[in-house]
Amino acid sequence: MSNNESAAPLDFIRTRVAEDLKTGKYGGRVHTRFPPEPNGYLHIGHAKSICLNFGIARENEGGLCNLRFDDTNPTKEEQEYVDSIKQDVRWLGFDWGDREYYASDYFDQIYKWAVQMIEGGKAYVCDLDAEQTREYRGTLKEPGKNSPYRDRSVEENLELFEKMRAGEFPNGARTLRAKIDMAHPNLNMRDPVMYRILHASHHRSGDKWCIYPMYDFTHGQSDSIEGITHSICTLEFENHRPLYDWYLETLGIYRPQQIEFARLNLTYTVMSKRKLLTLVQEKLVDGWDDPRMPTISGLRRRGYTPEAIRAFCERIGVAKFNSTVDLGLLEFCVREDLNRRAPRVMAVLKPLKVVIENYPAGQVEELEAVNNPEDPNAGTRKIPFSKVLYIESDDFMEDPPKKYFRLAPDREVRLRYGYFITCTDVVKDAGGEIVELRCTYDPETRGGNAPDGRKVKSTIHWVSADHAVDAEVRLYETLFCVEDPDEGDDFRTHLNPQSLEVVSGCKLEPCLAHPQTELPYQFERLGYFVADSKDSRPKKPVFNRTVTLRDTWAKIQKQEAGNAG
RNA sequence: UGGGGAAUGGUGUAAUCGGUAGCACGACUGACUCUGGAUCAGUUAGUUGGGGUUCAAGUCCCUGUUCCCCAGCCA
């Protein structure tokens, strides 16, 4: 509304909505809908559509967006999916008010419209089976042939259709088809099936019906009933728009405008519901909400926030070009969000014992630590310091390379919010493995500053051994090890064997004994982590790594390795 | 010539009537730093090819090329 914000450029859909608003095409209304089929869980691609549809409604005064379940295929749809979809849309931050609709609620009206089409000579009952129907349809380059049942009388069609509805025929025996043009260059217009026989119980309408309308004969009418102004869908429905328009015009009812945009593709990710279902059914992942899944529930369990996902959807834009967004952008969006809100804590994933030789045994000091340097209001907390500590084993190297700044023999580093320590000795087991470090500390550097002003190259995190909480931490990598898992015969061959690393025996600072779920933390220098909503227990916390911090050291290592090779 | 769409740096996306090709991510420099984080400053790099119109073309015209979607009684 305000003019001072230099109007961000609108995408082509919003531009169109704005034009329609200006010309009064729909009487100044803006009414969209998000129409999922409840046959799977929502994923990040749906989030794009949700943000688009609900976003457009929200941005325009009086704008509305309905949640409508496109539930015309009882063989694939389940109540569980309905429930998860509602939860996910709500979690993403959108509200459909009391406008929760189901295409199945329109079945009576849609049936009447089918009868109206028959009466108008625009539809007929066809006895061809599925295979014959395909043969009669022709090919991409050759026209189809008329069905031998195309010219049945209105009376006969009415009677047969009624018998279909009454359950007198088995599955697949007959269909109701629109009478359009078997030679039409758009195959969707070659007498498309309007109704098929499906003796299946529907998750909402139960056994009331044994014939179900097809998507094309349902979606437009549903939009029409709800008074949708802009029916936004993905590119693959572009070929269906002529049919969408044809049905509504033939029925003589209100016609919304269908607009298509490109669906989201993400690197290292599969997005089709079919493939996600396969992963779940074959137990290649832990379920729809496995933190490696691109599902909304998976991202939530992983520690992504609705804010981050919405920011992502804004950044990727909306267009008709079939593009693939870099996963890095999604990660950037979580880091950006979590950086300003996540409380910092110290956690040691792979502990290495450190004994401070000149520190009094039995002494415990409470040191003050900042909760979030990005947020002054987050305050501070006390963390215990004592003679025996754990540090990250990656933070010590006996023979460090040039650019390694962390602890090494005879080198001094700072323990965050603690003291400067110097490594004096390395203790190894019989196998030569480093099991313990002996260090000295400088009492003058309490809190982390040296009165003499001397500097250290590095600050590392630590946890007091006696006070530490044991935890399991799950480290995730991409589910697939190639950018485009859809390439090739079987996407499963591209699964990343290292997509999950379970680390047990992690040591956390005391305040993490009872973490809140869905409250993201930053484990300093490591990344963002959230308690697992299913497996975490008080005093036995389980954390999921949402995303690592940007890691310059890892980058240097990779470069050095590359140069060496 | 089956029909329908689409092409802008490495990636995603802007550019009003034809008028300085912009933003973001990434990458790379440097500054700063009690997180090798964050932040700040800067650099890099683009209009699918070929013609044409024009003072001026990503935008208009012609002509190629490439990619995506469609032959479910799925959505």
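These are my notebook entries on a predicted model of protein chain A with RNA strand B.

**Ground rules.** I number residues from 1 along each chain as its sequence is written, and letter chains from A and number ligands from 1 in the order in which they are written. As the model is predicted, local features need pLDDT of at least 70 and side-chain atom pairs count only at pLDDT 80 or more, while totals for chains, interfaces and linings use all residues; side-chain values use heavy atoms, with hydrogens and water left out.

**Overall form.** I looked up the secondary structure of chain A and found 13 helices and 25 strands. Both are DSSP runs numbered from the N terminus, helices being H or I with at least four residues and strands E with at least two. I then checked the radius of gyration, taken over C-alpha atoms. Chain A has 31 Å, whereas a compact globule of 565 residues would have a value near 24 Å; that rule is 2.2 Å times the number of residues to the power 0.38. Along the principal axes, the C-alpha atoms fill a box of roughly 100 × 60 × 45 Å. I noted that 52% of the 565 residues count as buried, meaning under 20% relative accessible area, with over 50% exposed and partly exposed in between (1.4 Å probe, protein chains only).

**RNA strand B.** I found 65 residues around the strand, the closest being Thr72, Arg344, Arg414, Gly447 and Gln522. A residue is near the strand if one of its heavy atoms lies within 4 Å of it. Sugar and phosphate make up 65% of the strand's atoms that come within 4 Å of the protein. I sorted the residues of this surface into 23 nonpolar, 19 polar and 23 charged. Here Ala, Val, Leu, Ile, Met, Phe, Trp, Tyr, Cys and Pro count as nonpolar, Asp, Glu, Lys and Arg as charged, and the others, Gly among them, as polar.

I looked next at single atom pairs. A side-chain N or O atom of Gln522 is 2.5 Å from a base nitrogen of RNA strand B, and a polar backbone atom of Gly172 is 3.0 Å from a base nitrogen. Lys555 has a polar side-chain atom 3.4 Å from a phosphate oxygen of the strand. Among the elements that give two or more residues to this surface are α5 (130–137), β6 (193–197) and α13 (552–564). The largest share, five residues, comes from α13.

**Cores.** A nonpolar core is a set of buried Ala, Val, Leu, Ile, Met, Phe, Trp, Tyr and Cys residues joined through side-chain atoms within 4.5 Å. The largest has 40 residues, of which Ile44, Val89, Ile309 and Phe312 touch the most other members. Helix α2 (44–59) is one of the elements that give two or more residues to this core, and α2 gives the most, with six. Setting aside residues up to four places away in sequence, I list Phe34, Leu42, Ile50, Phe54, Phe94 and Trp96 as touching Val89, contact being heavy atoms within 4.5 Å. A second, separate core of 31 residues includes Ile118, Ala178, Met189 and Tyr247.

**Two residues.** Lys86 is in helix α3. Why does Lys86 count as buried? I note that its relative accessibility is 17%. Its side chain makes a polar contact with that of Glu100 at 3.2 Å; such a contact is a pair of N or O atoms within 3.5 Å, where within protein one must be able to donate a hydrogen and the other to accept it, and residues adjacent in sequence count only if both atoms are side-chain atoms. Val325 sits in the loop between α11 and α12, and counts as buried because its relative accessibility is 13%.
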